[in-house]
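Grab a pencil and work through a few short exercises on the model shown here. Each one comes with a worked solution, so try it yourself before reading on.

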Amino acid sequence: MSLSQYIRTSSWPVPVLPTLPNTTSSAARASVISSTAQDFLSSSTFHNNIIQASSHRTSLLPIMATNVQHPHLAPTLESAGGTAKGHQSVPSNSTATTVNGSFVPFKLEANDTTTPPSAADTDTDDAELPEPRQLLERIPTVLQPSIPWRKRLMHFTFAWYTVTLSTSGVSLVLAITPHRFRGLSTIGLVIFLLDLLFFLIITTAITLRFVLYKSTFRRAFTRPHEALFVPTFFLSIAAILCNVAEYARIFLFDGDISYQFHGSGSPPSAPDEDNPRASLTSFATFLCVAFWFFSGLTFLASVIQYHLLFTVKTERRLSLTTITPAWVLPIFPVMLIGTLAGSFSRTQSPSAAIGMICAGLAAQGLGLLVSFFFFSSYLSRLMAFGLPAQRAGMFIAVGPPSFTGAAVISMASDIPRVFAQLDSSRIAILTGAMTNTDTLAAGVRLGAIWLGVFLWGLGFWFFVSAVAGCVAGMQDKRFHLSWWSTVFPNVGFTIASIKIGAGLGSEGVLWMGSGMTVALVLAWAFIGYRCVRAVVKREIVWPGHDEDS
């Protein structure tokens, strides 16, 4: 039996709202809609037809419902920016169709003669749809027929870069964790190479999405729920660059990538081709170029992206009642400029290193302060409206103070070397009347460690709060890409713990960093398994289930 024959011969109930006069109040309209939906969802015919339709492999994506929770229906979820819990806005490629002005809970196939011209599933920008759009509640995907991977690719969003960001973070902490065993560096290198493969696959998939469905490119940057995850692309690049520096140090340069100082005014000696450090100069040049290019690009990207979010249409704007830590993601790549500076400065000459450190410190301050501005509204939201539906996203708040503390300590650790090698005229400008540069450099390091401890406490509080929120129970127990937030922000917390432990000489703090490393690896492996399972089970990369909804 064809789908059109099934619709004509079945007794499927179609919810039809009564016509209301324009003078009807909003409260009265809501009451009528709720009453109609309740009657529709509670009818025995409705449940019988669900069973029948599933045997016909009929798509039952949306059922019209407003302010209704039904025990047989899976509620939709609050996304990064937050939407009404229990409801889903109809995307531009929605499988809902309209017959005689009423919603039909079927997707009419393209070759079906009963398909209205306006209901075809085409690549149409949803700006052409009437606003405000109808609120729908979705049916479990087990009742939906398979769709080709080409169509599923339409819903492959920028949030997938959280996978590469988390994988890079795990390989990075394995490279610097203090308590090591033979082969640990090799394991970290394998994970890093796996991350490069993931990055290539995800970038290819998103590029294909934009090529096949051209309107999705503009929507990806102008629809806040997905646009908030665009910065994860830049975050992934920053994490990859940090891994390049660390694993080059371990496997190519015998554990030391420090700049080779030949004395003031002394020309460098001819490089020994048999010495593995002979290529260090070229490597340092690459890191320097990558640092400044990344710094300029991410600063410009953060300004543009926040401007786009500030100027979207009123009906698409995010609401303070649903603010989450994900709102800081556009400024997050700027904060990692300081992390890169702390990792790269030791490979540079003294004059290049001091410029890199100053730029990293300025970027770190910018990112941290903007994050604090958002966190004040985020805490107010928690007090007034409760915890978010996707609790894993609460861990994002751990990142800004943790990465800042780790970056400041890393940058300050190179100051003694820079002061010792810098030209005396430059030293006089930087230090003024103080002539004992060793004492000054030690003071800078000590101040950085205390600042790191100061910020570590805030990161620890956000960490414990996020753990408590997850333990208290998540309204949304299905997998979402926001689960990766459990990994990548806590990478910064782990690195900060390791840096503070080394600076204070505290074995207990160092063991805490090693314990966090083990926990991160286990979380990364579990979430990776759930991510693959979610793709197979149609929990993600499926119409209405991703950040593009």
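**Exercise 1: a helix and its cover**

Work out how the length of α6 (residues 184-212) fits its residue count, then find what packs over its buried side.

Solution. This is a predicted model. Start with the span: α6 has 29 residues and runs 42 Å from first C-alpha to last, close to the 42 Å expected at 1.5 Å a residue. Next, pick out the buried positions, among them L184, G188, I191, F192, D195, F199 and F210. Finally, look at what covers them: the list includes α5 (161-176), α7 (215-222), α9 (231-251) and α18 (507-536).

**Exercise 2: how enclosed is α11?**

Decide how far α11 (residues 332-344) is wrapped by the rest of the structure.

Solution. First the span: 13 residues reach 19 Å, close to the expected 18 Å. Then the burial: 13 of the 13 residues are buried, so α11 is largely enclosed by the rest of the structure.

**Exercise 3: place T347**

Say where T347 sits, whether T347 is buried or exposed, and what its side chain meets.

Solution. T347 lies in the loop between α11 and α12 (350-385). Buried means under 20% relative accessible area, so T347, at 3%, counts as buried. Its side chain reaches the backbone oxygen of F344 at 2.7 Å and makes a polar contact with the side chain of Q348 at 2.8 Å. Leaving out residues up to four places away in sequence, T347 touches I257, Y259, A284 and L287.

Technical notes. Residues numbered from 1 in each chain as written. Predicted model: local features only at pLDDT ≥ 70, side-chain atom pairs only at ≥ 80, totals over all residues. Heavy atoms only, no water. Helix = DSSP H or I, 4+ residues; strand = E, 2+ residues; numbered from the N terminus. Expected span 1.5 Å × (residues − 1). Buried < 20%, exposed > 50% of the residue type's maximum accessible area, 1.4 Å probe, protein only. Contact = heavy atoms within 4.5 Å. Polar contact = N/O pair within 3.5 Å; in protein donor to acceptor, adjacent residues only side chain to side chain.
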